[in-house]
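Please look over the model below, following the strands of its sheet and the helices that pack on them.

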Amino acid sequence: MIRLFACDLDGTLLNERHESDAFIEGVLRSVVESGRYFTVATGRSTSMIDFGEMNGRIYVICMNGSLILDPKGRVVRCEKIDKEVLRQLLEQFPTLRMECLSAQHSYIRQDKETFVAAMMANKDRMANGERWVRRLLEHVDEQMCFSQRTEEILKQDICKINCRVDTQEEARQLQEYLQAHADALVNAPSNQGHFEITASGVNKGTAILHLADQLGIDVQDVAVYGDGGNDLEMLTMFAHSYAPCTAQKEAQMAASAIIGSYQSYSVAKHIAETLVKEGE
């Protein structure tokens, strides 16, 4: 019997506006009220996760597995990037727009105006970019610390670095650097052209394994759902793994089964059907 459901968000659980809604939240409520567990498994930071009244009833695995929070928001696990490794990366690429994420805040070297302008310029290159940028800007003053010097960033416990490069040459240089330092850093982007950097060995799959162990749940009783490059590990690690038919080809190949499109609520419906099949 499935006792833990773990879902990616964008392109998987969320609707085509990349948001939660009453139907999705109703399914999550059914999971919890049946005595089972649900966890988000996303590359997003905590401030970009909202499930309404279910916020205090589900687990959260965010920043590609580097941070796990229980339903009360308490840290279950936090995988930090080594500070010396972080220093070397920041010094090697002083001009790149790196967003360094801790459990609570984002630390950015650029000033606010430069960062916001870059986000606005890039919104058309992102899936559902207009909505994504608007949600991000809602949290700018609350969550983001701008004009940060390297030494200020190094005082924080950084779990993940988001970076979007402007040129192919920048992408090549950063990719080569990460490959040369694969013992310390890993890049698991959800989309091409975007870097999502964590400590080596950190991914959604290992985070789900850790949470399942903490909850006393066997791996055979876990179901995972994902659609992108940062979902590949979890899709291959669990026998019950599912990808929407709209997922990236690599994710479809990694999953044990392919379900309907994310726009048709295929993940939420599959979870609901599983509850009924197994006797809610």
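A starting point is S106, whose bridge partner in strand 8 is M144; strands here are DSSP runs of E with at least two residues, helices are runs of H or I with at least four, and both are numbered from the N terminus. This is a predicted model, in which local features need pLDDT of at least 70 and side-chain atom pairs count only at pLDDT 80 or more, while totals for chains, interfaces and linings use all residues. Residues are numbered from 1 along each chain as its sequence is written, and side-chain values use heavy atoms, with hydrogens and water left out.

Strand 7 (residues 106–108) pairs with strand 8 in the parallel sense over two bridges, where pairing requires that DSSP finds at least two bridges between the strands. Both belong to an open sheet of six strands with mixed pairing, in the order 8-7-6-9-11-10. Because strand 8 (144–145) and strand 10 (185–187) stand at the edges with a single partner strand each, one side of each is left without a neighbour in the sheet.

Helix 3 (residues 83–92) packs on this sheet, touching strand 6 (98–101), strand 9 (160–164), strand 10 and strand 11 (194–199), with contact meaning heavy atoms within 4.5 Å. The direction of helix 3 makes about 165° with that of strand 6, on a scale from 0 to 180 degrees between N-to-C directions of axes fitted to C-alpha atoms, for helices over the stretch in contact. Helix 8 (residues 168–180) also packs on the sheet, touching strands 9, 10 and 11, and its direction makes about 20° with that of strand 11.

Within strand 9 lies I161, and I161 touches, among others, L86, L89, C100 and I197. I161 and C100 are 61 residues apart in sequence but 4.6 Å apart in space, C-alpha to C-alpha.

Conventions: Lists of a residue's contacts leave out its neighbours within four places in sequence.
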